[in-house]
Amino acid sequence: MAVYSRFPLIESEIRTFQKYRWSQLPNALRPTFPESGKSYYTDQVWERLRLSSKNHTDVPIRVGKKVIHLLASHPTPPVFDGADDHNGCRNHDEIRFWTDYLTGPVSTHLIDDAGKAGGLPDKALFVIAGDLNSDPESGDSRRSAIQTLLKNNKLLDSKPASEGA
């Protein structure tokens, strides 16, 4: 993932969540086989598996006297799995991560790669960007995560539309 900006990045305040474990996310959707109820991942794997299939990043960008946080990610596609829906569960929780992050400093379960806990500072300006691999109305994803994110009162959904969208 690369970020290009004509405005300066505040490199000392960039946060990454590449090492954040999926099992650390409260109420994570641990995939199971529906016929047996057995977990798709062994306990040993589940405790070590990263949430981000690539990364979740918070890149602060100075624009004049303001700072805008670029919140970028690329969750795994919610397909190419079986009845266990392990990719669907992961996609859901990778998107849900942003809902928790927007809750702010009280999201102390979110610990970045440098060991800092909490979400986005209250009243921070931000943009969420990336291919989230989820549509709130159609497709193969578990739609509740993207629907919840889009309903967040801190967001303004521009509702882009195009023929065939």
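Reader: Which residue in the turn between strand 2 and strand 3 has a positive phi?

Author: Happy to start there, and do keep in mind that this model is predicted. Strand 2 and strand 3 make a hairpin, with 2 residues linking them. In that turn, a positive phi of about 65° belongs to Gly64.

Reader: How many bridges join strand 2 to strand 3?

Author: Strand 2 covers residues 56-63 and strand 3 covers residues 66-73. One facing pair you can look up is Val59 of strand 2 with Leu70 of strand 3. The two strands run antiparallel, and the number of bridges joining them is 8.

Reader: Do strand 3 and strand 4 pair in the parallel or the antiparallel sense, and what stands opposite Ala72?

Author: Good one to check on the structure! Strand 4 spans residues 125-129, and 5 bridges pair strand 3 with strand 4 in the parallel sense. Opposite Ala72, in strand 4, stands Ala129.

Reader: What is the handedness of the unit that strand 3, helix 2 and strand 4 make?

Author: Follow the chain from strand 3 through helix 2, residues 86-102, to strand 4. Together they make a β-α-β unit, and its handedness is right-handed.

Reader: Which strands are the edge strands of the sheet?

Author: The open sheet has 4 strands in the order 1-2-3-4, with mixed pairing. An edge strand here pairs on one side only. That describes strand 1 (15-16) and strand 4.

Reader: What is the bridge partner of Thr16 in strand 2?

Author: Strand 1 and strand 2 run antiparallel and are joined by 2 bridges. Looking across to strand 2, the partner of Thr16 is Thr57.

How values were computed
Residues are numbered from 1 along each chain as its sequence is written. This is a predicted model: local features need pLDDT of at least 70, side-chain atom pairs count only at pLDDT 80 or more; totals for chains, interfaces and linings use all residues. Side-chain values use heavy atoms; hydrogens and water are left out. Two strands pair if DSSP finds at least two bridges between them. A crossover is right-handed if, with the strands pointing away from the viewer, the path from the first strand over the helix to the second runs clockwise.
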